[in-house]
Amino acid sequence: MSLLKQCCYSEIHEDILNNTIVGEPFIWNYNSDKFLYIANKKKDTQKFWLDNQQLNEQEIQYSENFNRYEQGYGEQMDLVLQPQIYEYDVKNNQIKLIQIPLDQFPCFPQYIDKFSENIIYQAYQIGKESRYGIINNFNRESSIYILDRQKFDQQLNEKEKKENENDKIFNFNFNYIQQISSEIVALRPVVSYDYSKVFYFFGNMQEAQVNYLRIKLIIFDESFNIKDNYEITNNVNGQYMENQFMGVNGYHIDLKMAFWLNDNESFCFTTIQQGQQQLFLANLKNNKIFQINNNEMLSDVFNILHYDSKNNIIFGKSENPTHYQHLQILNLNKLQKSFKKSILDLQQKEIKQSWLQVDFLSLLDPNNTNIYTQIQDFLKQNLKEEILQYQDVQATFWRIQNYAENFNKLPEKVKNAIKQILEIENYYENQEKKPTMVLLHGGPHTAVLGYYRDLWVYYILRGYNFLCPNYSGSAGYGINFAMRIQQNIGIIDRKEIKQFIYQLIERKITDPKKIYTQGGGIFAGQDPLLFSAIIIKNPVLNLPFMTNISDMPDWVQGQICKQSKMNWSHYDSEMYKQMFEHSPMKMPPKIKVLQLLGAKDKRVPYQQGLAYDALDKFNQSKVETYVYDKAGHGLNDSLQSEFDVNIKCALFLEREQFDKNQQNI
């Protein structure tokens, strides 16, 4: 029987978990004869009353609990039921449940030393009303714990002894578990290769459901007792600091992929900063943190793929609007040998210039015969990127300069397809006729980054300007910038977005009658003098509804009422009124709207979108609504759904532009 089958043995537990929340499975010990993983606890057999063959005490209990509602863990966590830590002993072919308190949701278990095999892990605190959405939320109470293996084994032996004596009542007292973090939010411990250190991310609870995490280091002595602990991010104060590290504020994948280098004196992680996702190095010699990936554009996205500790090589991937993912390779041994310095003594510039970039498309198509390679080359040569500024707010702006002039440089297939849509000789003959797509991120504490998205590329090749505002509340500009949207959602963000559009109109590089938006429900059809049509995807439309059914009900209280923790008893009529005043649902749209909804969306439940559609139909507004039965908040459950969404967006705007052109004839 294979190792995987042994670990998934159905009589012991349910599915093994592998996601950005709990981490990867199969974390080996020093001797490589045991490993840890997290799996769902074995479900009790449950039956309807009428399906019981005999009414013994156990079956009665099963029937009483059958279909009892149990709160889940939110968006993308449907398969996470009762996660537990398990250990597989390879020599003895044995699976062991590592007992922890029931109010803990364990993540990232690792061995903390070579010999006694104590275990360190992170755990979310589960209260009676705290099983809310975890994905993309650093604002959940969580702590770091160490499990003393010797004490645990002693209690386990006592339990087995009682079971052998037919005395099955045994309660673990958990005196073998010690909390080592003191912060309210403590996430993702990472153990160094020599077991001498651990770093983890931490922060305070924030009302705005966004967190800029800082980093703490724990140092162990030779007996693996805690010798020292201190923060290495003392300069993080919430303020915006250009080109400087301001805290970790990205996604859980950033935490999952964080890693030590094999010198045990430095480590790496990714986070969002100033409209980019960047790779950072933390140098413990001088407690400095700085970016080490090399940027091609101001909106680059870098992700960690793997760290080869044996050969000291970092593998990553990068992308931006001119190309799909490139493989990035940094050979640190070669780098140190070249500059005759240790990694701790290297300068930022020396590291950034040493990356090897591999473009697989070009490798597979050296003669440039593939349409994807041709599109990539066209974008590299002709796509212009600018950073627009309004006060302290930034927007990324992409466009093909002199579109009519450069149209003939497009790949032949693309050019012929566009010619079927429009008469290029009479279209975009000057910059003032170009349409503009305003891409709005959600959250509101995320950011628009420079991903290579098929639909975005379509818009750009089609001749659209592409405006991406990172308005107040966006990630990457400091916690103070993120927090100021509280009680101003739908007000300050709308104002800033409009100011960027006015800049384009004043520069005469867009048609004021052909400005469209795609994203959340900030505008939701309320600005007919500014927008011609909008596309909304799983939009927040009704805040009072959201607070009662979302997997993040505290999001509403944080944004509108500035409360850091959910308080169900705090609601009153005035609070609901305040929520409704910030809701697009309060009035029907005045322009064309394409609404795309995921029926499995737990973050922004789609029923409010259906109510919005009913409101629109009642008021005879022009709204098209599509519901994807198997899709969640991202509308990307499958390639079919994602492609269908893209086609509907493209066709919606093509029809809208056709109507505009007909009106102008």
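Q: Ala, Val, Leu, Ile, Met, Phe, Trp, Tyr, Cys and Pro count as nonpolar, Asp, Glu, Lys and Arg as charged, and the others, Gly among them, as polar; how many residues of each class line the largest cavity?
A: The lining has 3 nonpolar, 5 polar and 1 charged residues, and it consists of Asn293, Asn294, Asn295, Asp300, Val301, Phe302, Ser318, Gln328 and Trp355. This is a predicted model, in which local features need pLDDT of at least 70 and side-chain atom pairs count only at pLDDT 80 or more, while totals for chains, interfaces and linings use all residues. Residues are numbered from 1 along each chain as its sequence is written, and side-chain values use heavy atoms, with hydrogens and water left out.

Q: What makes Phe199 and Phe201 count as buried?
A: Buried means under 20% relative accessible area, exposed over 50% and partly exposed in between, with a 1.4 Å probe and protein chains only. Phe199 is at 0% relative accessibility and therefore counts as buried; Phe201, also with a relative accessible area of 0%, is buried too.

Q: Why is the pair of Phe35 and Tyr37 called tilted?
A: Rings of Phe, Tyr and Trp (its six-membered ring) pair if their centres lie within 6.5 Å, and planes under 30 degrees apart count as stacked, over 60 as edge-to-face and the rest as tilted. The whole structure holds 40 aromatic pairs; in that of Phe35 and Tyr37 the centres are 6.0 Å apart and the planes 50° apart, which makes the pair tilted.

Q: How do you know that Phe199 and Phe201 belong to another class of pair, edge-to-face?
A: Their rings are 5.8 Å centre to centre with 85° between the planes, so the pair is edge-to-face. Phe199 and Phe201 also belong to one aromatic cluster with Phe245, Trp260, Phe267, Phe269 and Phe280.

Q: What makes the charged end of Arg453 count as sitting over the ring of Tyr451?
A: The rule asks for NZ of Lys or CZ of Arg within 6 Å of the ring centre and within 35 degrees of the ring normal. The charged end of Arg453 sits over the Tyr451 ring at 4.2 Å from its centre, and Lys648 lies over the face of Tyr626 at 4.8 Å from the ring centre.

Methods:
1 Å grid on protein atoms, 1.4 Å probe; cavity = no way out; pocket = protein on both sides within 12 Å on 5 of 7 lines; lining within 4 Å. Nonpolar A, V, L, I, M, F, W, Y, C, P; charged D, E, K, R; others polar.
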